[in-house]
Amino acid sequence: MVLLSTRKAWPFLLSTFLIPQLLCVARADVHFYDFVLKETNVTKLCQTKSIMTVNDSFPGPTIEVHKGDTVYVNVHNHGDYGVTLHWHGVKQPRNPWSDGPEFITQCVIGPGTNFTYEVIFSDEEGTLWWHAHSDWTRATVHGAIVISPEPGKLYPFSKPDDDKIIVIAAWYTGDLKELVDEAMMNGSDLPHSDGYTINGELGDLCNCSQETTHHWYVDYGKTYLLRIINAVMNAELFFSIADHNLTVVGMDGGYIKPIVTTYIMISPGQTMDVLLTANQSLGRYYIATRQYSSEYAEVTGFDHSVGSAILQYRGNYSLSSSPVFPNATLPLYLDSGAALRFTNQLRSLASEDHPVDVPQDVSTRMYITVSMGEILCPNSSCTSVSGNKLGSSMNNISWVNPSLDVLSAYYRNLSGTYTTDFPDWPPSMYNFTGDDLPDSVDMTYQGTKVKVLNYNETVEIVFQGTDVLKGSVNHPMHMHGHSFYIVGIGHGNFDNETDPKTYNLVDPPHVNTFSVPKNGWLAIRFTANNPGVWFWHCHLDRHMSWGMDTAFIVKDGGTAETSIRPPPAYMPPCLDMGSSDISMQTSSIDQVEVPQL
Ligand SMILES: [Cu+2]
């Protein structure tokens, strides 16, 4: 990590000294980081390959701030292809220019160029993370963001003795960019990972990994704050530490009511803050993670490997031959009951110091199917059995990247980049979660359709999973620029008469990523109080690549303080399409009308 300097920034400069009542205004620090993107050789599973890294490090450097600080990250691209970075869960009030998703808020930082992100923290506290947001580069380009309470403020629990960051990622043995580009071109399945890393290491349960297993040394009697990040590309994870209880106290940069558990289920994109007290016999204990697969049991092609690290007590004792494994507490791959038992316990802290602000009235309602499907393949160029491309969609629209980013087009009032007709409802109602759905519901339609919201609208979205193509799985939906409340969740089709009566409007979890359950529904609420262009999408990258994406445009609120900030002097240009990536479907706008299915 290259941390150049940190300086204090006083909101009201010298006048503060003259106005005593402003002395209580929180001080915000400003931090500066340099991130150098470059190819680095790494050997895992007995094979050496080159991966894109930040500052030669996998996972990349940690950004450390206090609540409310601002960070400038100058990204120097010394790699071979264009990349963007995203600050996952950082709301960036009024500042979509530094949010990062390619073709949504910017174009790529080209090789040999640099771009400085201004990352503005506001109410986030706990753990978040950053990652690349162009193609599948995030597989190796990611790192933690640690947000401590404001100076002088306390955690809502006893101060831990120390912190420990745990970044879990997916490892692919092949050239991931090549594999993804090829699969996207011929419409076939996207790559599956070959292992799960904990802090960059697969652990000694995997081939050729004995020497490099990540060790975490602890002192008996101390309590640690684990900051766990699921940076995996396409998998929800179970996670457990042998013989040690976990107390989950935070999630996605906010606090929750403590949950004492022996395992967690964490979706890709999510972060969890977990207290662990080292109170067991001196020895070695496996920290272990494996996939929670919400696919049907017949689907067995997922990565079955177990990623591991070792918690080791400091002190004088003889090491047992092998660390203890969490056999009894790490759920098996298909244990949907264990996944549900965990997620059903999540509640916001909702205390005086950490209140909730759940919209009680709703001004905009959307009912959105999240679905697998097929896309007509041009010129018989696809290799799949049906001759069509695999696709995924929301309300039957598969997102197509424009060639100019949506934010620039919106800000400059340019037409031809996107349309504003993202539908509030599916094109037809059918038994979304029924068995043996007719072929007529298989096709999805491509478009660059966004949803426009007025400033301060209160939005309720009910996401409805479907079983089209027998492809129902959990979809971890992620929203940029806002966190949202999980007010309801259920199995089967949403019933707009009875299900709202089950809503939790008192202490629902406040998150940036949450899974729509397989063959079920998820109801979320948020207030659109952040003007800008904000991507939202499934955080399984295979579904994101296939089109389960769209964007909100949140309009300005009529005053300077409620309007998008002016763009920075330099944004990476979109004109050089010479390095155009084909792994995301990119075209100028060519909308297809959505028929009634
Ligand atoms: Cu998905």
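Are His 475 and His 543 buried or exposed? His 475 is buried, and His 543 is buried too. The legends below walk through close-up views of a predicted model, starting with the site that holds these two histidines.

**View 1. The copper ion is held by two histidines and a cysteine.** The protein donors are ND1 of His 475, SG of Cys 538 and ND1 of His 543, lying 2.1 Å from the copper ion. Along the chain, the donors follow the spacing H-x62-C-x4-H. The histidine pair links distant parts of the chain: His 475 belongs to strand β27 (residues 475-479), while His 543 belongs to helix α5 (residues 541-546), 68 residues apart. Cys 538 counts as buried, with a relative accessibility of 0%.

**View 2. One of the two disulfides in the structure joins Cys 46 to Cys 208.** Here the distance from S to S is 1.6 Å. The torsion about this S-S bond of Cys 46 and Cys 208 is about 65°, so the disulfide is right-handed. Cys 46 sits in the loop between β2 (28-44) and β3 (47-54), and Cys 208 in the loop between β11 (195-198) and β12 (215-218), so the pair ties together parts that are 162 residues apart in sequence. If you look at the surface, you will find Cys 208 partly exposed, with a relative accessible area of 45%.

**View 3. A disulfide also joins Cys 107 to Cys 574.** The two sulfurs of Cys 107 and Cys 574 are 2.0 Å apart. With a torsion of about 100° about the S-S bond of Cys 107 and Cys 574, this disulfide is right-handed. Cys 107 lies in the loop between β6 (85-88) and β7 (114-120), whereas Cys 574 lies in the segment after β33 (549-554), so the pair ties together parts that are 467 residues apart in sequence. Both Cys 107 and Cys 574 are buried.

**View 4. Cys 206 has no disulfide partner within reach.** Which cysteine sulfur is closest to the sulfur of Cys 206? The closest is in Cys 208, at 9.9 Å, which is too far for a bond. Cys 206 is buried, with a relative accessible area of 7%.

**View 5. Six strands form an open sheet with mixed pairing.** The strand order is β11-β10-β13-β18-β15-β16. At the edges are β11 and β16 (254-261), each of which pairs on one side only. On average, neighbouring strands of this sheet are turned by 25° against each other, direction ignored. Within the sheet, strand β13 (residues 223-230) and strand β18 (residues 271-277) run antiparallel and are joined by seven bridges. To find your place along this pairing, start at Ile 229, whose bridge partner in β18 is Thr 271.

**View 6. Strand β21 (residues 364-375) is mostly covered.** Of the 12 residues in β21, 11 are buried. Strands of a sheet pair through backbone hydrogen bonds, and the pairing may be parallel or antiparallel. With strand β26 (residues 457-465), β21 pairs in the parallel sense over seven bridges; the bridge partner of Thr 364 in β26 is Val 459. With strand β22 (residues 389-394), β21 runs antiparallel, joined by six bridges. In β22, Ser 393 is the bridge partner of Ser 371.

**View 7. Ring pairs link a cluster of aromatic residues.** The members are Tyr 33, Phe 35, Trp 87, Phe 115, Tyr 117, Trp 130 and Tyr 570. The count for the structure comes to 31 aromatic pairs. One of them, Tyr 33 with Phe 35, is edge-to-face, at 6.4 Å centre to centre and with 80° between the planes. Phe 35 also forms a pair with Trp 87, and this one is tilted: 6.4 Å centre to centre, 50° between the planes. The pair of Phe 35 and Trp 87 links distant parts of the chain, with Phe 35 in strand β2 and Trp 87 in strand β6, 52 residues apart. Tyr 33 and Phe 35 are buried, and Trp 87 is buried as well.

**View 8. Two lysines sit over the ring of Trp 171.** Lys 44 lies over the face of Trp 171, at 5.5 Å from the ring centre. The charged end of Lys 49 is placed over the ring of Trp 171 too, at 4.8 Å from its centre.

Key: Residues numbered from 1 in each chain as written. Predicted model: local features only at pLDDT ≥ 70, side-chain atom pairs only at ≥ 80, totals over all residues. Heavy atoms only, no water. Donors = N, O, S within 2.8 Å, 3.2 Å for Na, K, Ca; no water. Helix = DSSP H or I, 4+ residues; strand = E, 2+ residues; numbered from the N terminus. Buried < 20%, exposed > 50% of the residue type's maximum accessible area, 1.4 Å probe, protein only. Disulfide = S-S within 2.5 Å. Pairing = 2+ DSSP bridges. Axes fitted to C-alpha atoms, helices over the stretch in contact; angles between N-to-C directions. Phe/Tyr/Trp six-rings, centres within 6.5 Å; stacked < 30°, edge-to-face > 60°. Lys NZ or Arg CZ within 6 Å of the ring centre and 35° of its normal.
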